[in-house]
Amino acid sequence: MLSFPASASASRLILPVVVVFIWALTTSSASAQVQVSPDSSALQRLRTWATSLQTGPLASNGIVALSVRRVNDGRVIFGQNDFTSLSTASTLKLVSTATALATLGSTYSYTTTLEYDGVIKDSILQGNLYLRGTGDPSLGSGRFAGYPAWAALLKDISGRVRQAGIRRIDGAVIGDASFYNDQPIPDSWPFSDLGNYYGAGLFGLNFNENLYRVYFKSGPTLAAPAPVLRTDPYMPLLTFNNRVTTGPSNSGDEVNIYGAPFQNVATLDGTIPANSPEFAVKGAMPDPAYFTAYAITEQLRRDSVRVAGPATSYRPGTIPSGVIVSGVGNDALGSKPLPRTEVARYVSPPLSDLVRETNFQSINLYAEALMRSAARQIRQVPANWPESISAVTGFWKSKGVDLSGFRPRDGSGLSTTGALTTNNLTAILTAMTREGAYPAFYASIPVVGQTGTVRGLAKNTKAAGNVRAKSGTIEGVRAYAGYFTASDGTLMAFSLMINKYAEGKYAALTPQIERLFVLLVSL
């Protein structure tokens, strides 16, 4: 038994010790590291890695945030800057896909219907033909086995019209995108992204993932103009201000497309590689509903079905109404739409498949569609962008998730102003393990060293085949989040966000991230 003399000097000795002891018990530096044995060698190696990256030349002017959480009891076992709100890039897709699966279920499907108003008389449709969407992002994509790509879908639609006995349409073909009544993109998306395929907006009617390809031919010398050859599919009304020139061989796609929804002029800027007789760059359709109506009209005409009126679309803010055709209908703005008769319906792949493609291929359009659909299910009424984000936030709050610092601005992570914390993300990942659709969610996350956007990372290490991680990349941001199994068989959730790393050092971060994956599975 130890004893101390009751002296002033002893009191002065005891007081700092007591203060330090109390401080150690009560202080949590926003990381909750005290919840795990501090002398764990694996944990110490992880701590050293995180500190070294934060203070080293790659990220000393930025922020390295990491949260590692045990899912069986929700305890954080490691954190660094884990309560700091940061840009997530595409790791936000995990929140959108988890919310969609938890609220809609893995078997949920979208439905798009082919309809007409008016009457059919003597093979003549005295009315209009509609393709009405409900936000399916996959219609005509050709990404899923057993579901037609856009060209085959057009032929199927034409065949269904002819099977209905229609040989002439006295009205028009209308792409009905009125399911959503607000703007097709979040207002925080950068303008420089909007004309590119990854910045495609979400419409009530989407087609071919709302993308087209513009084909260039390189010039005879470096810096020579690279003319546009064509688009595929053909884009009616869209014209280009082409400033693309010829770059070095093997320089890749350095083209940016500047455009926006419902704008019919796009500016093309940048370079394509030399020695390219055809070089394709993917762009975003400005009005997919109009394109769909136009493409259906042209397919019908090729199949000897006459269409009298020009293709048109119902855009956000449009009040659907009938069109006067041979005395049928009413085109007065705000009038009651005519009743429609269904000709055919097109059902999307199940949500489990859509979620898998969203996370494996990091498709922004799909993530936005799933987030909006989940919000509609939560609220049971249509919701605009801010209302949808609020609905998602409320859903996870109802599950007991700490959402301090949670401030997303979209469903995909393309927004540069949205943010959340790594603590938020591991908490949501942990809560998701208690949902019935968790197996489908877990299966949708790419496997490090094997699949998706992380298939090239940490190959031939013990992390390969163990860590499931969604990657995220935007300007100045690299992020990864998902699950892994620790050395004792415990399932863990993790989230890493590196913001504002040294400019031009994207590739230099890769070995550090691979090292992290190995350290995680060693815990």
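This is a short chat about the predicted model shown above.

User: Start broad. How many helices and strands are in the protein chain?
Analyst: The protein chain has 12 helices and 20 strands. Keep in mind that the model is predicted.

User: And what share of the residues is buried?
Analyst: Buried residues account for 54% of the 523 in the protein chain.

User: What about contacts between residues far apart in sequence?
Analyst: Take the contacts with a separation of 6 or more. Residues 24 or more positions apart make up 69% of them in the protein chain.

User: Which residues touch the most other members in the largest nonpolar core?
Analyst: Val95, Leu351, Trp396, Leu429, Met432, Phe441 and Tyr483 do, out of 48 residues in that core.

User: Which elements give two or more residues to this core?
Analyst: Six helices and two strands are on the list: H3 (93–104), H7 (351–361), H8 (364–379), H9 (385–398), H10 (422–432) and H11 (438–443), plus strands S19 (477–485) and S20 (491–499).

User: What does valine 95 touch?
Analyst: Leaving out residues up to four places away in sequence, valine 95 touches Val392, Trp396, Phe406, Leu425 and Ile428. Apart from this core there is another one, of 43 residues. Leu139, Ala177, Phe216 and Leu238 are among its members.

User: Back to H10. How many of its residues are buried?
Analyst: The count is 11 of 11, so H10 is mostly covered. The buried set includes polar names such as Thr422, Asn423 and Asn424, alongside Leu425, Ile428 and Met432.

User: Asparagine 424, then. Why does it count as buried?
Analyst: Its relative accessibility is 0%, and buried means under 20%, so asparagine 424 qualifies. It lies in helix H10.

User: What does its side chain reach?
Analyst: The side chain of asparagine 424 reaches the backbone nitrogen of phenylalanine 406, at 3.4 Å. Setting aside residues up to four places away in sequence, asparagine 424 touches Val401, Asp402, Leu403, Ser404, Gly405 and Phe406. Phe406 is also touched by valine 95.

User: New topic: pockets. What volume does the largest pocket have?
Analyst: About 850 Å³. Its lining has 34 residues. Tyr197, Tyr198, Gln361, Ser362 and Asn364 lie nearest the centre.

User: Which element gives the most to that lining?
Analyst: Strand S18 does, with five residues. S18 spans 468–474. Strands S9 (211–216), S12 (254–258) and S14 (279–284) each supply at least two, as does H8.

User: Now strand S2. Is it enclosed by the rest of the structure or left exposed, and why?
Analyst: S2 (residues 76–80) is largely enclosed, because five of its five residues are buried.

User: How many bridges join S1 to S2?
Analyst: Four, and the two strands run antiparallel. S1 covers residues 63–70. Arginine 69 has valine 76 in S2 as its bridge partner.

User: What sits in the turn?
Analyst: S1 and S2 form a hairpin with five residues between them. Glycine 74 is in the turn, with a positive phi of about 75 degrees.

User: Last one: threonine 113. Buried or exposed?
Analyst: Buried, at a relative accessible area of 3%. Threonine 113 is in strand S3 (residues 111–117).

User: Which side chain joins it in a polar contact?
Analyst: The side chain of glutamate 115, at 2.8 Å from that of threonine 113. Ignoring neighbours within four places in sequence, threonine 113 contacts Tyr130, Leu131, Arg132, Glu342, Ala344 and Arg345.

Methods
Residues numbered from 1 in each chain as written. Predicted model: local features only at pLDDT ≥ 70, side-chain atom pairs only at ≥ 80, totals over all residues. Heavy atoms only, no water. Buried < 20%, exposed > 50% of the residue type's maximum accessible area, 1.4 Å probe, protein only. Pairing = 2+ DSSP bridges. Core = buried A, V, L, I, M, F, W, Y, C linked by side-chain atoms within 4.5 Å. Contact = heavy atoms within 4.5 Å. Polar contact = N/O pair within 3.5 Å; in protein donor to acceptor, adjacent residues only side chain to side chain. 1 Å grid on protein atoms, 1.4 Å probe; cavity = no way out; pocket = protein on both sides within 12 Å on 5 of 7 lines; lining within 4 Å. Points joined across faces, edges and corners; volume = space filled by probe spheres on them.
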